[in-house]
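Q: Could you take a close look at a single charged side chain in this model, and explain with care how its surroundings compare with places where charged side chains pair up?

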Amino acid sequence: QRVSVEVLEHLEHLALVDFRDAEGVERLQKAIQFADQLHEVNTDGVEPMDSVLEDRWCLYLREDDVTEGNCTKELLENAREKVEEYFVAPPGNIPLLKLEERETFLQGS
Amino acid sequence: MTAWPGQPGRAGPQVRDRVRDRDKDRDRAGALLRPTALSPAAPAANGRPPSWPPCQWCRGVLRQDGGARPPRRGKERGRSAGVRRRRRAGRAMLRASLRQVSAALKEGRVAPTELCQRCLALIKSTKFLNAYITVAEETALKQAEESEERYKRGQPLGILDGIPIAVKDNFNTAGIETTCASNMLKGYISPYNATVVQKLLDQGAVLLGKTNLDEFAMGSGSTDGVFGPVRNPWSYSKQYKEKSVPKSHSEDEESNWVITGGSSGGSAAAVSSFTCFAALGSDTGGSTRNPAAHCGVVGLKPTYGLISRHGLIPLVNSMDVPGILTRCVDDAAVLLGSLAGHDPKDSTTIQDDFKPFELPNLTDVSKLSIGIPKEYHAPGLSSEILALWSKAADLFKNAGAKVVEVSLPHTPYSIVCYHVLCTAEVASNMARFDGLEYGHRSDVKDSTESMYAATRREGFNDVVRGRILSGNYFLLKQNYEKYFVKAQKVRRLIANDFVKVFRSGVDILLTPTTLSDAAPYTEFIQEDNRTRSAQDDILTQAANMAGLPAISVPTALSERGLPVGLQFIGRSFQEKQLLTVAKWFEKQVQFPVIQLEEVKRHDSDVFQHQKSASFS
């Protein structure tokens with residue numbers, strides 16, 4: 001059961017990573033096939049496990065006290081484009097081009 | 001019962017004498033490092049060869065007839081006896097255990113700066129291994145100088161003061177480039193130290209550099225990083241070369257080299273080739289134990305929640321742990337003692353107090369119950385490793401331990417479960433790489449989303465992108481229950497398998513670590529990353545699923561002359577018991593020292609020294 005082009009397109013959009021070629025799509029198909037083996041296991045009445053430390057009440061919320069910070073200069077050092085204390089991004093609110101309009105391998109599928 | 005190679009019962013009178021000498025003179029500092037009055041090469045006054053503390057790594061310096069080495073001629077003629085003595089001590093030092101080196105530093109027999117310089121020189125001469133991505137020469141020497149000051153004042157910070165250590169390149173290290181072997185983070189200089197790195201530095205350790213890995217720790221061969229694959233030091237060992245049949249006259253070791261395993265291959269290669277005394281790796285599906293087994297070093301995966309993950313660039317948040325690679329089990333315990341404990345910056349570390357421990361020398365294993373899980377006799381397990389595994393089981397049985405066959409029925413599904421959970425968490429964890437705050441940024445300026453897409457297309461390799469896309473697929477609304485939640489349920493079944501087995505009275509599980517010894521690189525790359533990972537992680541992965549501690553101990557050499565390791569899995573947070581048993585096992589098997597041959601194009605007198613000092 002192959003994945004439809006709509007779903008592939010949707011994935012590219014969600015992940016913001018593209019299937020560069022047929023191999024990429026094939027890789028996904030194989031991954032899904034591999035994962036389908038999970039359905040052989042009977043998991044009736046089994047709760048999903050989020051963390052192996054669930055018995056120890058590990059994930060706690062600490063008090064909302066400021067313990068560190070004031071490191072603006074260090075954090076900005078690694079950004080390529082910045083203005084004063086801001087990271088600069090290209091214009092937002094512009095959705096990724098639709099399948100027909102952008103250059104992607106999926107256009108051919 | 002057949003003896004292990006090198007076991008006193010088989011090897012002959014010379015070996016037995018050495019063992020007796022070793023036990024008699026419990027001279028912890030090692031007599032070689034304390035020269036006699038006459039000359040460094042003369043035997044000790046009582047006519048017996050120098051004795052050592054029982055450490056496999058020192059055994060390689062003794063000659064087979066029990067005598068000490070003759071004085072060196074040629075190159076070093078004309079140097080004063082004192083310089084020769086110190087040079088020899090310095091070279092032998094690189095092969096010592098962490099504790100021995102620490103003792104020598106404390107007693108002033110070697111200086112931290114000299115140790116650091118030797119390690120750096122060795123890194124340069126073993127550059128062809130490609131184990132290091134970044135060598136932090138200046139900072140390392142500065143740290144060594146500071147350590148030397150502390151030793152002079154008689155105030156060392158602890159056992160790790162002055163010890164050269166390497167760190168896998170997915171740990172953040174302030175001021176040093178951290179790349180995760182990816183284009184996405186090339187040029188990224190971390191603004192902070194990972195907690196484990198900070199702990200090491202606080203104890204005075206000397207950070208030599210960052211080691212190579214698979215891109216973002218995804219892989220089982222250390223072959224998929226942008227800085228190239230890591231070569232296994234054993235490819236250049238006498239043991240491997242003797243057994244390999246050259247296909248033609250012109251073929252040399254260049255095409256025959258074997259992989260280190262992954263993804264912490266660089267760390268394992270660094271420890272195995274003596275460039276550092278310990279290294280940090282990470283373990284998500286076996287990434288520390290797999291290369292440890294292939295490179296003949298000890299690889300420890302601690303219990304999830306024991307060591308802080310703050311600063312470790314995450315792959316799978318619910319399974320990642322920092323891993324420890326050393327040359328013997330005792331050293332791993334030392335490092336564990338320095339790194340474990342609650343970290344307020346990592347909420348997944350347990351809050352219980354951790355007390356560092358010394359490993360007892362176990363002599364009586366009769367109270368131990370060892371479990372042999374039958375599902376670990378996986379398809380594809382080489383007959384050699386199967387034989388070693390049963391030999392190890394017999395070893396325990398004959399020593400009086402209770403050895404039982406147990407069943408972990410959901411083991412065959414652990415790799416599938418891992419595949420789904422890993423890709424799902426990866427999809428989430430890789431979302432932070434968008435080019436805005438750090439890392440690679442594409443030149444595309446049309447819109448934020450197109451810039452993100454272009455950055456990620458340029459920054460990630462096929463493996464990473466493949467996993468992100470698969471992960472996003474499994475997390476789609478229509479697939480969430482079917483795949484992700486289902487995998488979480490299977491995970492509970494796997495974890496419960498272990499709980500049941502440990503509750504039935506078994507203390508430690510004994511399993512193989514890998515399906516076979518290290519494969520040649522040309523063979524390994526025939527299959528893609530996902531297939532290889534699915535094949536190679538099969539024996540190590542379940543311990544990550546259940547969060548249990550596990551350790552790979554080098555056991556013996558395969559028919560091809562390459563190391564093979566066996567894995568011990570323990571109960572949650574029972575590292576002391578696990579390491580005690582591992583130490584006992586290590587002592588029984590006496591894994592041979594690597595005999596690194598002088599590689600023709602690298603004229604390193606360190607290797608020359610090893611060649612003349614080798615014994616088989």
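A: In this predicted model, B:Arg309 is in contact, once its neighbours within four places in sequence are set aside, with B:Tyr304, B:Asn317, B:Asp320, B:Pro322, B:Asp346 and B:Thr348. B:Arg309 itself belongs to the loop that runs between strand 5 (298-301) and strand 6 (321-326) of chain B. Although B:Arg309 is buried, it has no salt bridge, for the nearest side chain of opposite charge, that of B:Asp346, is 4.1 Å away. A salt bridge requires the side-chain nitrogen to be within 4 Å of a carboxyl oxygen, so a pair at this distance is not counted. The side chain of B:Arg309 does, however, make a polar contact of 3.0 Å with the side chain of B:Thr348.

Salt bridges do occur elsewhere, and the count over all chains comes to 24. One of them brings together the side chains of A:Asp18 and B:Arg457, with 3.1 Å from N to O. Because A:Asp18 lies in the loop between helix 1 (5-15) and helix 2 (22-35) of chain A, while B:Arg457 lies in helix 16 (residues 448-459) of chain B, this pair joins two chains. A:Asp18 counts as buried at 15% relative accessibility, whereas B:Arg457 is partly exposed, with a relative accessible area of 34%. These two residues are also linked with B:Asp462 and B:Arg465 in a network of salt bridges.

Key:
Residues numbered from 1 in each chain as written. Chains lettered and ligands numbered in written order. Predicted model: local features only at pLDDT ≥ 70, side-chain atom pairs only at ≥ 80, totals over all residues. Heavy atoms only, no water. Helix = DSSP H or I, 4+ residues; strand = E, 2+ residues; numbered from the N terminus. Buried < 20%, exposed > 50% of the residue type's maximum accessible area, 1.4 Å probe, protein only. Lys, Arg positive; Asp, Glu negative; His and termini not counted. Polar contact = N/O pair within 3.5 Å; in protein donor to acceptor, adjacent residues only side chain to side chain. Contact = heavy atoms within 4.5 Å.
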